Amino acid sequence: MIKNQPETKNQKPKTKNYFIHESSYIDNNVVIGKNTKIWHFSHILSNTTIGKSCSFGQNCVVGPNVKVGNGVKVQNNISIYEGVEIEDDVFLGPSMVFTNIINPRAFIVRRDEFKKTLLKKGCSIGANATIVCGVTIGEYALIGSGAVVNKDVPAYALMVGVPARQIGWVGISGNTLEFKDGMAEDEFATYILKNDKLEVLRK
C-alpha cells in the first residue's frame, strides 16, 4: 500500500439509513446520506460526500474529494472523478463519461491541473455522452445521448451532437418546449423566450 494513502475497506453501513451492496467498497472519510443506494461492484473513494436519496448503479467509481447532491441518479458504468461537483436532482445516463485533465499523458502527473466541472440542479446527461472537464452545465439542461460537451451549457438548453450544439430548450419536465408567441409551459413553469434568452416563471 502506498504510504499515506487511505486504506480501502469493504465497510458495512453503520446505520440502516442507506444501502450498500456487499460487493461494493467504501473508503475512509466518506459521508453517505439517508436513503441512498449503492449497488454492485462500485467504489466510493475517500473524502467524498454523497447526499440523500441518491442511487448508484453497477460498476460506479466516485471520488476522491467529490461532492454529490441530493436525489442524484447515477446509472451503470460511470466514474465521477475529482474535480466534478454535482448539485441536486441530476441524472447521469449509462456509461456517460467525465474527464478531469485537458491534456493527459500517461507519463506526466497532472493532479494539480484538475479542471472543475459543475453540473447544476436538475440537469440530465444522456447515455454515452462525454463531458469535457472545465465546463458548467446549467440547471435543467438536457444533454442528448452520445453528445460531446466541450463548452458551458445554458440552463434549460437541449444539446446534441459532436461537439454538442444547442437545438432547442427543455422544461423542468424534460420535454422539448414548443413556443407560441414567445411563450411555452409545462406542469412546473411558464417559459418566456425573448432575444434568445429564456425567462422561467415557476408555478
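## Cysteines

Cysteine 133 is buried, with a relative accessible area of 5%. This comes from a predicted model. Cysteine 123 is buried as well, at a relative accessible area of 0%. Both values fall under 20%, the cut-off for buried, so each residue earns that label.

How many disulfides does a search of the whole structure find? Zero. Cysteine 123 is in no disulfide. Its nearest cysteine sulfur belongs to cysteine 54, 13 Å away. Cysteine 133 is also in no disulfide. For cysteine 133, the nearest cysteine sulfur is that of cysteine 123, at 16 Å. A disulfide needs two cysteine sulfur atoms within 2.5 Å, so these distances rule out a bond for either residue.

## A parallel sheet

One open sheet has three strands, in the order S15-S18-S21. The pairing is parallel. Which strands stand at the edges? They are S15 (97–98) and S21 (148–149). Each has a single partner strand, so one side of each has no neighbour in the sheet.

Two bridges join S15 to S18, which covers residues 130–131. These two strands run parallel. Across the pair, phenylalanine 98 stands opposite isoleucine 131 of S18.

## An antiparallel sheet

Another open sheet also has three strands, ordered S24-S25-S26. Here the pairing is antiparallel. S24 (183–185) and S26 (197–202) are the edge strands, and each pairs on one side only. From one strand to the next, the twist averages 20 degrees.

S24 and S25 (residues 189–194) are joined by three bridges and run antiparallel. Alanine 184 has tyrosine 191 as its bridge partner in S25. In general, strands of a sheet pair through backbone hydrogen bonds.

The loop between S25 and S26 holds aspartate 196. Aspartate 196 has a positive phi of about 65 degrees, although it is not a glycine. Is aspartate 196 buried or exposed? At 68% relative accessibility it counts as exposed, because the threshold is over 50%.

## Serine 23 and its contacts

Serine 23 sits in the loop between S2 (19–20) and S3 (25–27). Its relative accessibility is 18%, so it counts as buried, the limit being under 20%.

What does the serine 23 side chain reach? It reaches the backbone nitrogen of phenylalanine 41 at 2.9 Å. A polar contact of 2.7 Å also joins the side chains of serine 23 and histidine 21. Leaving out residues up to four places away in sequence, serine 23 touches His40 and Phe41.

## Unusual backbone geometry

Most residues other than glycine have a negative phi, and most peptide bonds are trans. The next residues are exceptions to check in the viewer.

Glycine 63 and proline 64 are joined by a cis peptide bond, with omega about 5 degrees. Proline 64 lies in the loop between S9 (61–62) and S10 (67–68). Valine 162 and proline 163 are also joined by a cis peptide bond. There omega is about -10 degrees. Proline 163 lies in the loop between S22 (157–160) and S23 (165–169).

Asparagine 77 has a positive phi, near 65 degrees, and is not a glycine. Where does asparagine 77 lie? It is in the loop between S11 (73–74) and S12 (79–80). Asparagine 77 is partly exposed, with a relative accessible area of 39%.

Terms used. Residues numbered from 1 in each chain as written. Predicted model: local features only at pLDDT ≥ 70, side-chain atom pairs only at ≥ 80, totals over all residues. Heavy atoms only, no water. Buried < 20%, exposed > 50% of the residue type's maximum accessible area, 1.4 Å probe, protein only. Pairing = 2+ DSSP bridges. Helix = DSSP H or I, 4+ residues; strand = E, 2+ residues; numbered from the N terminus. Polar contact = N/O pair within 3.5 Å; in protein donor to acceptor, adjacent residues only side chain to side chain. Contact = heavy atoms within 4.5 Å. Axes fitted to C-alpha atoms, helices over the stretch in contact; angles between N-to-C directions.
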